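Me: I am new to this structure and would be grateful for a close look at a single part of it. Please choose one strand, describe its surroundings, and then follow it to whatever lies beside it.

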Amino acid sequence: MKISKRLRMIAELVPKCRLLYDVGTDHAYLPIYLVKSGKAERAVASDISSVSADKALENVVGEGLEDKIKVRCGNGLSTLSEDEKPDVILISGMGGVLTVQLLEGNKKAVSEASCLILQPQHNIETVRRYTEKIGFGITAEDFSEENGKAYFTLRCERCDVPPLSYRELALGRFLPEGRNPLFNAWLGRQILKLESKISAAYAKNPNTDITRLEETLSLYKEVYEKCQNART
Ligand SMILES: C[S@@+](CC[C@H](N)C(=O)[O-])C[C@H]1O[C@@H](n2cnc3c(N)ncnc32)[C@H](O)[C@@H]1O
């Protein structure tokens, strides 16, 4: 089965596991791919939408994987049965605030998991802060773009890592090392966008408070320069 670049980025960050729990699975592409590739022994593919769950089931049956992948319909992490203890919980394609709410919704499952794979579409800072609060360290992250949209993916594991700094909360710990050319190019474009936003805000009203924008701009410029230096 062929999956998109964005989904492949997620799959690459998933460690070998016994039970993968994919929350908001939609088509179940990821559990199917991960079970077929042998990374996940079994999976639960869960979605709040019955249309998505039906689609997921059709795909799972189509691949002959109904013994290994259970499809469930329901809210967030509420669809696990008592005896299921997923070692990896995956949530991708939802906002950061919803991602955190879903994790909060089943603290028992989260506390028993050894790894969270998260790809929030917005508010990634909220997700980074939350995972740190509940005792997960970010051990890997990746960045890619699809249809002009930026995607950050985090692998969070139970381990001791130093607390995230202001810069790491905003841009991550690994991406600012400059090894991902897509991230570097994205950052360069964000700088241009912020500069024109600041000019427009200032032109409209010279008394507008642009402190926050300027702080972000200066952080982005500092990291961008570091990325450029790392590449030379
Ligand atoms: C944009 S799709 C992402 C699908 C897939 N995870 C991916 O990354 O391609 C979001 C999916 O999350 C599901 N969803 C939204 N809120 C949910 C919730 N509270 N619990 C479970 N699934 C939810 C939607 O029905 C939809 O299928």
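Reply: The account below takes up one strand, then its partners, and then the ligand.

The model is predicted: local features need pLDDT of at least 70, side-chain atom pairs count only at pLDDT 80 or more, and totals for chains, interfaces and linings use all residues. Residues are numbered from 1 along each chain as its sequence is written, and side-chain values use heavy atoms, with hydrogens and water left out.

The chosen part is strand β4, residues 88-92. Strands (E, at least two residues) and helices (H or I, at least four) are DSSP runs, numbered from the N terminus. In β4, 5 of the 5 residues are buried, where buried means under 20% relative accessible area, exposed over 50%, and partly exposed in between (1.4 Å probe, protein chains only). In a regular strand the side chains alternate between the two faces of the sheet. On one side of β4 lie V88, L90 and S92, on the other I89 and I91, and both faces are covered.

Strand β4 has partners in β1 and β5; two strands pair if DSSP finds at least two bridges between them. Strand β1 (residues 17-23) runs parallel to β4 and is joined to it by 4 bridges, with D22 opposite L90. Strand β5 (residues 115-119) also pairs with β4 in the parallel sense, over 5 bridges. Here S92 stands opposite Q119.

S92 also leads to the ligand, since the closest of the 18 residues surrounding the ligand are R6, G24, D47, N75 and S92; a residue is near a molecule if one of its heavy atoms lies within 4 Å of it. Helices α1 (5-13) and α4 (96-104) each supply at least two residues of this shell. By class, the shell has 5 nonpolar, 10 polar and 3 charged residues; Ala, Val, Leu, Ile, Met, Phe, Trp, Tyr, Cys and Pro count as nonpolar, Asp, Glu, Lys and Arg as charged, and the others, Gly among them, as polar.

Several side chains place a polar atom beside the ligand. For D47, such an atom lies 2.6 Å from a ligand oxygen atom, and for S52 the distance to an oxygen atom of the ligand is 3.3 Å. In N75, a polar side-chain atom lies 2.7 Å from a ligand nitrogen atom. Taken alone, the ligand exposes 600 Å², and the protein buries 80% of that, with areas from the Shrake-Rupley method and a 1.4 Å probe.

Terms used:
Polar contact = N/O pair within 3.5 Å; in protein donor to acceptor, adjacent residues only side chain to side chain.
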